[in-house]
Amino acid sequence: PGIADEARTLNGALQPLWILFKHFSTLRVRYAAAEQMGTTDAKPPRPVQPLTDAAQEKVAKVLKELKLS
């Protein structure tokens with residue numbers, strides 16, 4: 001298989017993360033993911049609001065499913 005096939009496979013595997021990016025915004029999900037992974041406890045710059053607790057739980061679930069946390 002070529003590199004394009006590998007890219008499609010990886011893209012498919014990461015679909016749950018892409019869905020979160022589309023639903024909640026990439027920036028907010030990135031901050032939540034970094035916090036979940038223990039990288040930082042920083043919050044998004046104002047006026048951007050952090051994700052709700054329920055949304056953060058969704059991020060944590062996806063990261064766990066993808067074995068990223």
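How much space lies in the largest cavity? The points below take up this question after a look at the chain as a whole.

1. The model discussed here is a predicted one, and its secondary structure comes to four helices and zero strands. Read from the N terminus on, the elements of the protein chain therefore appear as α-α-α-α, each helix being numbered in that order.

2. For the overall dimensions, the C-alpha trace of the protein chain spans about 45 × 20 × 20 Å along its principal axes. The accessible surface of the chain comes to about 5,100 Å², and carbon and sulfur atoms account for 58% of that surface.

3. Of the 69 residues in the protein chain, 22% are buried. Where contacts with a separation of 6 or more are considered, 43% of them are made by residues that lie 24 or more positions apart.

4. Helix α3, which covers residues 26-36, deserves a careful reading, and its buried residues are V29, A32, A33 and A34. These buried residues pack against two other helices, namely α2, at 15-24, and α4, at 53-65.

5. To return to the opening question, about 40 Å³ of space lies in the largest cavity, and the structure holds one cavity of 30 Å³ or more. The residues that line the largest cavity are R28, Y31, A32, E35, A42, K43, P44, P50, L51 and Q56.

6. Which helix gives the largest share of the lining of the largest cavity? That share comes from α3, with four residues, and A32, which is among the buried residues of α3, is also one of the residues lining the largest cavity.

7. Sorted by class, the lining of the largest cavity has six nonpolar residues, one polar residue and three charged residues. A student may wish to go through the lining with the structure open, taking R28, E35 and K43 among the names to find.

8. After α3 comes G38, a residue whose phi is positive, near 80°. The loop between α3 and α4 is also where T39 is found.

9. Is T39 buried or exposed? With a relative accessible area of 62%, T39 is exposed, because the term applies to residues with a value over 50%. As for its distance from a residue further along, the C-alpha atoms of T39 and V59 are separated by 15 Å, while the two residues are 20 residues apart along the chain.

Conventions: Residues are numbered from 1 along each chain as its sequence is written. This is a predicted model: local features need pLDDT of at least 70, side-chain atom pairs count only at pLDDT 80 or more; totals for chains, interfaces and linings use all residues. Side-chain values use heavy atoms; hydrogens and water are left out. Buried means under 20% relative accessible area, exposed over 50%, partly exposed in between (1.4 Å probe, protein chains only). Contact means heavy atoms within 4.5 Å. On a 1 Å grid over the protein atoms alone, a cavity is a set of points where a 1.4 Å probe fits but cannot get out, and a pocket is an open set with protein on both sides within 12 Å along at least five of seven lines; lining residues have an atom within 4 Å of a point. Grid points are joined across faces, edges and corners, and a volume is the space filled by probe spheres set on the points. Ala, Val, Leu, Ile, Met, Phe, Trp, Tyr, Cys and Pro count as nonpolar, Asp, Glu, Lys and Arg as charged, and the others, Gly among them, as polar. Accessible areas come from the Shrake-Rupley method with a 1.4 Å probe; for residues, only the protein chains shown count as cover.
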